[in-house]
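Work through these exercises with the sequence and the model open side by side. Try each task before you read its solution.

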Amino acid sequence: MAIIREKTQVFNQPIGVVRADASDSAVGEAISRSASSIANLAFRDATIEAEKAGQEAGAASSSTDIVTIDPSTGRPVAYQPPSNFGRVAARSYQNMIDRRFEESINNEITERGAEIASNSTSANQYRDRMSSYVQEMYANAVDESGNLNNYGRFIEETGTGYIASTYATMREREVRAARQALIRQQNFENFMAMRQIPELIFSGAPPEEINARIATEEQRLFDLYNTNEISLSTFSSRLDDLDGYTSQVADNRLINIYSNLPEEGSLRPRMLQ
């Protein structure tokens, strides 16, 4: 039996060996990525903490400082961030101040408007007093050129819009009250006239005076009815009463005419003379 020898296989590359240069590069990249990740996390945490610090400081600022304009800067007194704040914290602080400024201005104008409205004698007086108040609020909010800055414009626009809407409501209420007062007065005048006309008729007042009063009340009734201030039944009833007074005046006129005619017996001698 023949013996078969095993052939030895030769490989050109060593088995299980990694190049040193490739290993160093991979390790370096891994370390770099890890370091960058840690740095990014640290930066993110620092940014979050800075923003949080700015927000907390902005929220803790006095409400008076939020809405009071510093004449030297034209900005709210609270706008300047603490000196130890970095760029991120300062920006976050100023963002908070801006938001609180807008909210505080809205609240202050609303509260002051309610107060002024409660002790103003008219809508026009309310408008004038509120306009003066709003002007005082943004008087110092100017830039280097003397023009209103963003804060001043916000106060002006917010105040103007609020005054316009509230004034319109108050004015409408005034007009409605004035209309109601006018209607009450006209109804009262008609009521008094409907009592006085019969008295004039009974007292023998001149027919011309009585007829003039009747004509005035007829026109008043038509005006009240045409403006829907009295019902048709009321209008008809009062108009019927006036027609009755007119008939009485006419009857009295005829009675006066007949009463002034000469008697039949006295007429003949007068004619013979």
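**Exercise 1.** Is T158 buried or exposed? Place the residue, then describe its surroundings.

*Solution.* This is a predicted model, so every value below is computed from predicted coordinates.

- Step 1: find the residue. T158 belongs to helix 5, which covers residues 150–203.
- Step 2: check the accessibility. T158 has a relative accessible area of 16%. Buried means under 20%, so T158 is buried.
- Step 3: follow the side chain. The T158 side chain reaches the backbone oxygen of F154 at 2.8 Å.
- Step 4: look for contacts beyond the neighbours within four places in sequence. These contacts of T158 are I105, N106 and I109.

**Exercise 2.** Which residues of helix 6 are buried? Work out how they are arranged around the axis.

*Solution.*

- Step 1: set the limits. Helix 6 spans residues 207–226 and has 20 residues.
- Step 2: check its length. From first C-alpha to last, helix 6 reaches 28 Å, close to the 28 Å expected at 1.5 Å a residue.
- Step 3: list the buried positions. They are I210, I214, E217, R220, L221 and L224.
- Step 4: find their arc. They cover only 125° around the axis, so they lie on the same side of helix 6.
- Step 5: turn to the face away from the buried side. The exposed residues E208 and N226 are carried there.
- Step 6: step past the end. Just after helix 6, N228 takes a positive phi of about 60°.

**Exercise 3.** How many aromatic pairs does a search of the whole structure find? Classify each by its geometry.

*Solution.*

- Step 1: count. The search of the whole structure gives 2 aromatic pairs.
- Step 2: take F222 and F235. Their ring centres are 5.0 Å apart and their planes stand at 70°. An angle over 60 degrees counts as edge-to-face, so this pair is edge-to-face.
- Step 3: place that pair. F222 is in helix 6 and F235 in helix 7 (residues 232–259), 13 residues apart.
- Step 4: compare exposure. F222 is partly exposed at 37% relative accessibility. F235 is buried, at 8%.
- Step 5: take Y225 and F235. Here the ring centres are 4.8 Å apart and the planes at 20°, so the pair is stacked.
- Step 6: place this pair too. Y225 lies in helix 6 and F235 in helix 7, so the pair ties together parts 10 residues apart in sequence. Y225 is partly exposed, with a relative accessible area of 29%.
- Step 7: join the pairs. F222, Y225 and F235 form a cluster linked by ring pairs.

**Exercise 4.** Which ring does the charged end of R127 sit over? Then look at R112 and D128.

*Solution.*

- Step 1: start from R127. Its charged end sits over the ring of Y167, 4.9 Å from the centre.
- Step 2: go to R112. R112 lies over the face of Y133, at 5.1 Å from the ring centre.
- Step 3: locate D128. D128 is in helix 4, residues 123–138. At 43% relative accessibility, D128 counts as partly exposed.
- Step 4: check a distance across the chain. D128 and I163 are 35 residues apart along the chain, and their C-alpha atoms are separated by 9.4 Å.

Notes: Residues numbered from 1 in each chain as written. Predicted model: local features only at pLDDT ≥ 70, side-chain atom pairs only at ≥ 80, totals over all residues. Heavy atoms only, no water. Helix = DSSP H or I, 4+ residues; strand = E, 2+ residues; numbered from the N terminus. Buried < 20%, exposed > 50% of the residue type's maximum accessible area, 1.4 Å probe, protein only. Polar contact = N/O pair within 3.5 Å; in protein donor to acceptor, adjacent residues only side chain to side chain. Contact = heavy atoms within 4.5 Å. Expected span 1.5 Å × (residues − 1). Arc of directions from axis to C-beta. Phe/Tyr/Trp six-rings, centres within 6.5 Å; stacked < 30°, edge-to-face > 60°. Lys NZ or Arg CZ within 6 Å of the ring centre and 35° of its normal.
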